[in-house]
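Biologist: Please take a close look at a single part of this model. Walk me through it step by step, and explain the terms as you go.

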Amino acid sequence: NNANEDVKKECFLHIASRDDECSILYHRDLPFLMDTSTEMSEFSLALDIANEIVQGVKYRHNQQVLEDVLNHLKTISSVAIKGSDGELNKTLLGQVITFFNVLA
């Protein structure tokens with residue numbers, strides 16, 4: 001069953017990540033991909049997709065999607081601050097801060 005989950009995750013990452021050349025072959029529902037990435041704890045990917053959302057024209061005036069981006073940033077920030085074993089995840093928090101700097 002873990003092997004099946006790994007295959008599903010690999011397929012998802014194949015479509016969701018812009019680092020994968022084949023991602024351009026798919027219609028990418030960015031809000032869905034951001035939600036799913038966050039649920040899967042793929043926070044770097046979720047931040048990449050959030051960046052794609054705010055920089056693109058399609059969602060620029062969609063208040064609900066922009067609020068979702070903000071909520072995911074809050075979630076990811078909280079996870080970074082809690083870290084693992086109570087230790088701050090500096091790398092992840094740095095990615096969130098960098099994201100905010102890009103927006104500014």
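**Helix 2 and its surroundings**

Modeller: In the protein chain, confidence peaks in helix 2 (residues 30–39), with a mean of 95. The lowest mean, 84, belongs to helix 1 (residues 2–16). These scores are pLDDT, the predictor's confidence in each residue, from 0 to 100. Helices here are DSSP runs (H or I, at least four residues), numbered from the N terminus. This is a predicted model, so local features need pLDDT of at least 70, side-chain atom pairs count only at pLDDT 80 or more, and totals for chains, interfaces and linings use all residues. Residues are numbered from 1 along each chain as its sequence is written, and side-chain values use heavy atoms, leaving out hydrogens and water. The protein chain averages 88, and 97% of the residues score at least 70.

Now look at helix 2 itself. Seven of its ten residues are buried, so this helix is mostly covered. Buried means under 20% relative accessible area (1.4 Å probe, protein chains only). Leu30, Pro31 and Leu33 are among them. Met34, Thr36, Ser37 and Thr38 complete the list.

What do the buried residues of helix 2 pack against? Their partners are helix 1, helix 3 and helix 4 (63–82). Contact means heavy atoms within 4.5 Å.

Finally, step past the end of the helix. Just after helix 2, Ser41 has a positive phi of about 65 degrees.

One partner, helix 3 (residues 43–55), also meets helix 5 (residues 90–103). Leu47 and Val54 are among the helix 3 residues in that contact, and Phe99 is one of those from helix 5.

Definitions and conventions
Axes fitted to C-alpha atoms, helices over the stretch in contact; angles between N-to-C directions. Helix = DSSP H or I, 4+ residues; strand = E, 2+ residues; numbered from the N terminus. Buried < 20%, exposed > 50% of the residue type's maximum accessible area, 1.4 Å probe, protein only.
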